[in-house]
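Please open the model in your viewer and keep the sequence panel visible. The tour proceeds by selections, each followed by a description of what is found there.

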Amino acid sequence: MDKTKRTDIFSHAKKWTLEAGELIRSKINDPLIIETKSNPKDLVTELDKEVESFLAAKIKETFPDHLLLSEEGYGDDIESLAGTVWIVDPIDGTMNFVKQKRNFAISIGIFHQGIGEIGLVYDCMAENLYVGLKDEGAYKNEQKLPSLADTLELEDAILGFNHYWLYENEIIDETITKQLVKKVLGTRTYGSAALKLAFIAEGIVDGYLAMNLAPWDIAGGMVIANEVGAVSTNLAGEPINMLTRESSLTCHPAIQQEIINNYLKKGLK
């Protein structure tokens, strides 16, 4: 995608994201209609659906040849990332939205021919907009974020991941991830994959282990993190499949191979 086209798409995406954030803020204290999806902890509200419907309508009206991969049912039936594909999560961190009314984000990743060109993560309650533009860097509220430092020791790293990594699961031997926790400086859990990835770009955390997440959970934040020099793979160090659920690692490149080779590959089931 050339810069002129990217800039045009981004200008629309930014405007719609900010408008969607205003919609959420205006209804944050309204009574919620809450449903569950895959399990009792997988929540969805009417506002999730309303925000996705708003974004889907804008995308289809303005860019009718673009495709949409999204969480709440307004997307297309997509079998490849050919062309331009918007990967959208209207509210990433719905449990935080329901229980805390903060610590959630609108997440949009725009891919062209399989390459992440634009990423937006909007913490609309704090009014922090994180942006990543292919080969143009990452930004927080229009301030450019610095590239990651050249070096980092795993002992000095803070990793984002949740407690599911630390008890018996179908993906990895939890005794191995417990060893990783002992090795790093610390761990953090925020309840929103999009925000964790944006925090890598901001330098708040140094990596994020995502367990069995959908493309819309990570697409926007991954583009942003990659623009400051972070690297993203599945747990075996291979490219992430952005069309299906997968576990992944996004982190500072200096600690990537140590995490993958000394911990993840040893623990994978």
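Begin by selecting strand β4, residues 84-92. In this predicted model, the strand is mostly covered, as nine of its nine residues are buried.

Add strand β3, residues 67-70, to the selection. β3 and β4 pair in the parallel sense, and four bridges connect them. Within this pairing, L67 stands opposite V85 of β4.

Next, add strand β5, residues 105-112. Which way does β5 run relative to β4, parallel or antiparallel? The two strands run antiparallel and are joined by seven bridges. V85 may serve as a landmark here too: its bridge partner in β5 is F111. V85 thus has L67 opposite it in the pairing with β3 and F111 as its partner in β5.

Now clear the selection and display the five strands β10, β11, β12, β13 and β14. They form an open sheet with mixed pairing, in the order β11-β10-β12-β14-β13. At the edges lie β11 (186-188) and β13 (231-234), each of which pairs on one side only. From one strand to the next, the twist averages 20°.

To inspect one edge of this sheet, select β10, residues 158-160, together with β11. These strands run parallel and are joined by three bridges. G160 is found opposite R188 of β11.

The helix that packs on the sheet is α6. α6 touches β12 (207-213), β13 and β14 (246-251), and its direction makes about 20° with that of β14.

Select α6 itself, residues 215-226. What distance separates the C-alpha atoms at its ends? They are 15 Å apart, which agrees with the 16 Å that its twelve residues should span at 1.5 Å a residue. Eleven of the twelve residues are buried, so the helix is largely enclosed by the rest of the structure. The buried residues include P215 and W216 at the start of the listed stretch, followed by D217, I218, A219, G220 and G221. M222, V223, I224 and A225 are also buried.

From α6, move along the chain to A230, which lies in the loop between α6 and β13. Is A230 buried or exposed? Its relative accessible area is 5%, and A230 is therefore buried, the cut-off being under 20%. To display its surroundings, select L148, I200, A225, T250, C251 and P253. A230 is in contact with these residues, leaving aside its neighbours within four places in sequence. For a longer view, draw a distance from A230 to A20: the two are 210 residues apart in sequence, and their C-alpha atoms are 28 Å apart in space.

Finally, select the whole protein. Its secondary structure comes to seven helices and 14 strands. The radius of gyration is 18 Å, close to the 18 Å given by the globule rule for 269 residues, so the protein is as compact as a globular protein of that length. Along the principal axes, its C-alpha atoms fill a box of roughly 50 × 45 × 35 Å.

With the surface displayed, the protein exposes about 12,100 Å², of which carbon and sulfur atoms supply 48%. Buried residues make up 53% of the 269 residues. Among contacts with a separation of 6 or more, 63% are between residues 24 or more positions apart.

Terms used. Residues are numbered from 1 along each chain as its sequence is written. This is a predicted model: local features need pLDDT of at least 70, side-chain atom pairs count only at pLDDT 80 or more; totals for chains, interfaces and linings use all residues. Side-chain values use heavy atoms; hydrogens and water are left out. The expected span of a helix is 1.5 Å times one less than its number of residues. Buried means under 20% relative accessible area, exposed over 50%, partly exposed in between (1.4 Å probe, protein chains only). Two strands pair if DSSP finds at least two bridges between them. Axes are lines fitted to C-alpha atoms, for helices over the stretch in contact, and angles run from 0 to 180 degrees between N-to-C directions. Contact means heavy atoms within 4.5 Å. The radius of gyration is taken over C-alpha atoms; the globule rule is 2.2 Å times the number of residues to the power 0.38. Accessible areas come from the Shrake-Rupley method with a 1.4 Å probe; for residues, only the protein chains shown count as cover.
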